[in-house]
Structures are given as C-alpha cells and as structure tokens.
Amino acid sequence: MAWQLKNKRLQPGPGSLINSSANTYSISHAPLTSPTSSSIQGHLANHLDTGDDMVRQFAASQIDTQKTAFMRWVNVQLATTTTYGPMSTIERDFRDGKRLIGLLEVVSKEPLKPERGNMRIHQMANVSKALSFLEKRTEEPLGSIGNEGIVDGNVKLTLGLIWIIIYRFQIQNIANTMGDIYPSLIEDMNNMEGEDSTNTSSITPIKGKKKGASQQQVDAKQALLRWVRYQLEDYSDIIPPIQDFHRSWRTGVAFAALLHRHNSSFLPDFYTSILQTPHETIDQWRSTLTTAFDTAFEKMALPRLLDPEDLVDVETPDERSVMTYVSEYYLVMSKLHQEQDPVLIEELHVHRVQAKQERMAVAGEDQQVALKRTLEEEERKKREEQEELERIRLRRMEIEGWSIRAAERAKEEEDARKKRKEEEEERDRQRQLRKEQRERELALHLQKLNGWKPRRNTISNNDVDPPESPASESGTLFSRTGAQFMDPEELKGRQVELDAKLELYLEQTMEYLEWLQRRENKFPEIPDITAPIDRTKDMDPFKLAVEQEEEKRLAKEQDMTRLHAAREELLDYESPELTPEQVGEVNKRWLDIDAIWVSLSEKTAKAKGILQEMKWIVECSQEIDHIL
C-alpha cells in the first residue's frame, strides 16, 4: 500500500436520523403511550425514550461502520494510482468529484477527465459526469442520488453511491465470473431451487436474461453466501452454519475458518485454541476477530475494512460492510484457486473430507447432541426475549390496577373516618341522654322534697349543705342520684380523682401530640419519579426510611388506644362531671392527635404506592436495557 490505513473507529454523531430508500436506511420512531398513573407517565416515557435512543444509536453505528469500511475500501482502490491521495472523511473528500472520478477510473479501467477548477460549478460538473458514467455502465437509474447531494456532503447519499460502486464493480462482478472459477458450485446453485432454508426466495441462475437491480443484488448476495458455505463445507460439523452477512460473523469463527480453509498454516492452533473457545462472551468474540483480522492483513494482505468493534458492539452488524470485506476474501482465495494445480486442489479436498469424517466418527452422537443443544439454546434465548417483552407489556398494564387499588384504599379510609365520627357522635348523644335522665330523676326527687331545687354538681368554696330532710338523714337515699346528695368527703375525693385523671390525660396527650408532630416533620421526602431512578441511590434508602417510620408509628399504636380509653373514661365520669370548658379541651386534644395520625397513615400509604411504582419502573428499565 502507498500509505498506512488508519485504524480509526468513528463514533455516532448526536441526533443522527436516517431515512429509508434503496440506498439509505430508515429508523421510524413511534412514541409509546404512558400508563394511567400520572406519577409514572414522565419517568416511564423517559425510560422508553431511552430505549428508542438506543435504536437510533444502533442505526447510527451502522452508518459509522459503513463510513469507516467504505472509506478504507475507496483508499485501497485509490492507492493503485498516484493522482489522488487518500481520503480522510467520506462526506468532505467526495464533494469536488475528483476522487469519485478517480475511483470510477480504477474500478472500470476507463479514463475520465475531471474539471480542473475547484469552484462549485466545477464540482457539480465532476459529480454529474461520474453519475452519468455510472448510470450508463450499470444501465440502472440512481434514484435520489444527485450531484447536489454529493457536493453538499450528504453522508447517506454518498454512502449509497459508494455502495452502488462496490456492488456493481466488485460483488456483482464476483457473481458474474464465479461460474468460470467454480463451475461445480454454480451448477449446484442452479439445481438446488430454493433448498436454502434461511431464505424464502429461490436462487435464480446467474447467467441468463437481464434482471432488475433488486434481483441482481439478491443473486450477487446469494452467490457470495453460497461461495462461503462451499468453502466451509468441510467445517460444517464444527462451526455454526453461515446464514447471513451480519449475525453469523459476530463471533469471528467464520473468518477464522475461511483463513484456515485458504491455508491451514495461517492458523495452526485453529482446532486446539479457537474452536475450543466457548465464544459465549463479547471479549471472546473480540479476541477471535482480532486474531482473524490481523492474520488476514499480515498473511493475505487483505485491507482492514472492519474493526472487531463493528461486529461485537452491535446486535446486528452492518450487512453491506461485512459483504464488502468478505468479497475481499473471495478475490484472494479465488485467485489462488485459479493458480493451483487441479490435482493439488483435489488432494487437499480429499484430506479435508477425511479429517471431517474422522472428527465426526470421534464425536459421534455427542457432537450432534451438542450442536442441537446449541441451536435449542439460541431458540430458548429468542423465546425468553419475547417473554420479557410480553412481561414489560403486562407490567405496564399493572399500573392501571395500582390506580384502582389506590382509589379503593382512599375510599376505605374515608369510610373509616366517617364511621369513627358517627361513633363519636353517638357516644356524645348517649352521654347527653344519660345526663338529661339524671337531671330529670333529680328534679323528680326534689319535687318530693317540698320543691327544693338542685345546685351545681361541682365542688366550690361556697358550697353549703342541702336542707335537712328525712331522706338525707339516712345518707344513702340520694347517694347515687347526684353530687348534691353525696357525702361531701366522698364528693371531694371523686373531684380530686377526676382532676388527677384530667391532668394526666392532658400531660400524656401533649407528649403524644409533640411526638406525632416530630414524626410528621421527619417523614421521608417522596422522590420525584418523573426523573431517572437509581435503585441504590433512590429506591432502597427511601424504602428503608418508610419502613422505619411505619415501625415507629405502629409501636405507638397501643398508646393511641390507651389515650382513647382515657378520654372515654373522662367524658363518662359522673358525680362530679367535667365542666364544658374541660370537655372542649379534652376533645380538642383528641382531634389534634387523630388528625396527625390520619395524616401519617395517608403519607405512609402513599409512600408504599410510590415504592411499588419505583420498583416497577426500575425492573422495567433493566429489562429494556437487557433486551436492547
């Protein structure tokens, strides 16, 4: 080579979007609908959009693979002439049309004279001349490819143009001349009539009437694929079948097998090292690809059109770039096939067949079982991917169930509050009825005692004893009717007891109320689930904090029950009773406590719901990342 090709990996540009035509690509973007839960919508859409970005990056990586592979291929062709220097970027170095004309001169072996000037009009003229020549040679229109797009540096149109040149002048030429070099292979291809199980379309004879561009491309692709299978036929028992020009080449085993088929001395450790590697990880694939590409460059002088990253970093490598690189193998291997003695070719073939038979005899049924197991494992993985996608769909539907359950919980809590309120009102009503009943009984007794009227039922410094009556002499007739007829010492003792209970209740409720207020102020802040969520930083700490708060609240639940019982006891206390001011204070304390308790319960329920949503989002995001 006149220069050293740079082993440069081009990274995908931001926001690159690729349209579809005969010579370009297209990735359509359909927005995904969000679940009914408003709290989920933003974050779920964010994660699903992330998956969409991965698809766009995948398409961009294919374009970058073409840019690198096609530029290196063009530089290899231009290296045969001293007129044009090497290219550094596809979109810039083709704009003046001079290298395009030089490339066509090299591949067509026909002279084309470019314009000398460098103005846009000269560039347009050069590109127009090249396109006209290409249409005339291929006898096919170039579609949307025009001189303005090339001069303006349109990457997609430029790559499409280079692919037409590669296909017409190298790959199609391989298909047209394959019959002369491998007559037995072409005869088998024409007689198989669609035997290929990996393609639904049958293979049309390469020699015959003129076909359209699409049919010619199928023929050339299938011819090159059949040649690969023909070369690796003697290795079919130890390597997976070659079904395409993308995924079948990711592990590097197919490239290594072609090298070994060409010359076994190039890879002396092919059986002992390469085939013994499980090829289950990307690092193992990268190692085999690196070995194969280095060996092909050093032993066969094949240009480095691809890098290992072009195949291992994407799920589906770029087909056109792989076809271009494999066609370079064909050019070298077919040339050797023509130069070799037919007797030597047959001897080597017989030797390979014998080696294959020996391997199969040694391996026996175990080898077939292992191969079948491998295929079954691949099918299982495909099924699991489909099942994971289905699980994601079902989990999205679960969000609707969460919303329904949340509404049901809210209704249940509202019904419980209404029930508690009704019970409180009923107890207050019963107390009032009992009080009125006591007053009526007291009034009735006082009527019998010559119209004597009752006094307040509380003790004060101005209290005086009731008038003497026969009934009061016994000291027991009205002892259970009211405080007026109770023994003063007993009444005083009950008042002291009531005051002590009230003071204790007020003290305990104040402590409990302060504790609840602290818990409410320290309740964990609910994270924003519309932003990207990290399980370690966001979900796990929030889950732990919610669980701890709930444990503390439940530990105090018995105190809540005890205070409620103390309140009921105070309100039901008789002879003497609480004053209206004291009753109001007791009820106010309880209502304050109940309000904060209900608020904490609602916050805890909401936090648990958010945790469920966060868990679903994290799992869904992980599965999307795993699949894509």
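Me: Is Lys-67 buried or exposed?
Reply: This is a predicted model. Lys-67 has a relative accessible area of 15%. Buried means under 20%, so Lys-67 is buried.

Me: Which residue meets the side chain of Lys-67 in a salt bridge?
Reply: Opposite charges on side chains can pair when the charged atoms come close. Here the N to O distance is 3.8 Å. A salt bridge needs the nitrogen within 4 Å of the carboxyl oxygen. The partner of Lys-67 is Glu-91.

Me: How many residues apart are Lys-67 and Glu-91?
Reply: Lys-67 sits in helix H1 (residues 38-78). Glu-91 sits in helix H2 (residues 90-93). The pair links distant parts of the chain, and the separation is 24 residues.

Me: Is Glu-91 buried, partly exposed or exposed?
Reply: Its relative accessible area is 24%. Partly exposed covers the range between under 20% and over 50%. Therefore Glu-91 is partly exposed.

Me: What separates the closest N and O atoms of Lys-221 and Glu-319?
Reply: Lys-221 lies in helix H8 (residues 213-231), and Glu-319 lies in helix H13 (residues 319-339). They are 98 residues apart along the chain. Even so, they form a salt bridge, with the closest N and O atoms at 2.8 Å.

Me: What is the relative accessibility of Lys-221?
Reply: Both partners of this bridge are partly exposed. Glu-319 has a relative accessible area of 25%. For Lys-221 the value is 22%.

Me: Which helix holds both Asp-559 and Arg-562?
Reply: The two residues form a salt bridge, with the closest N and O atoms 3.5 Å apart. They are three residues apart, about one turn of the helix. That helix is H18 (residues 557-572).

Me: What is the relative accessible area of Arg-562?
Reply: Asp-559 is partly exposed at 22%. Arg-562 is also partly exposed. Its relative accessible area is 41%.

Me: Which residues do salt bridges with shared partners join into one network?
Reply: The structure holds 26 salt bridges. Some of them share partners and make one network. Its members are Asp-283, Arg-286, Glu-309 and Asp-313.

Me: Which helix holds Glu-511?
Reply: Glu-511 helps form a negative surface patch with Asp-499, Glu-503, Glu-507 and Glu-514. A patch residue needs over 30% relative accessible area. Glu-511 has 47%, so it is partly exposed. The helix is H16 (residues 488-521).

Key:
Residues are numbered from 1 along each chain as its sequence is written. This is a predicted model: local features need pLDDT of at least 70, side-chain atom pairs count only at pLDDT 80 or more; totals for chains, interfaces and linings use all residues. Side-chain values use heavy atoms; hydrogens and water are left out. Patches are made of residues with over 30% relative accessible area and no salt bridge: like charges are joined within 9 Å, nonpolar side chains (Val, Leu, Ile, Met, Phe, Trp, Tyr) within 5 Å. Accessible areas come from the Shrake-Rupley method with a 1.4 Å probe; for residues, only the protein chains shown count as cover. Lys and Arg count as positive and Asp and Glu as negative; His and the chain ends are not counted. The place of a charge is taken as NZ of Lys, CZ of Arg, CG of Asp or CD of Glu. Helices (H or I, at least four residues) and strands (E, at least two) are DSSP runs, numbered from the N terminus. Buried means under 20% relative accessible area, exposed over 50%, partly exposed in between (1.4 Å probe, protein chains only).
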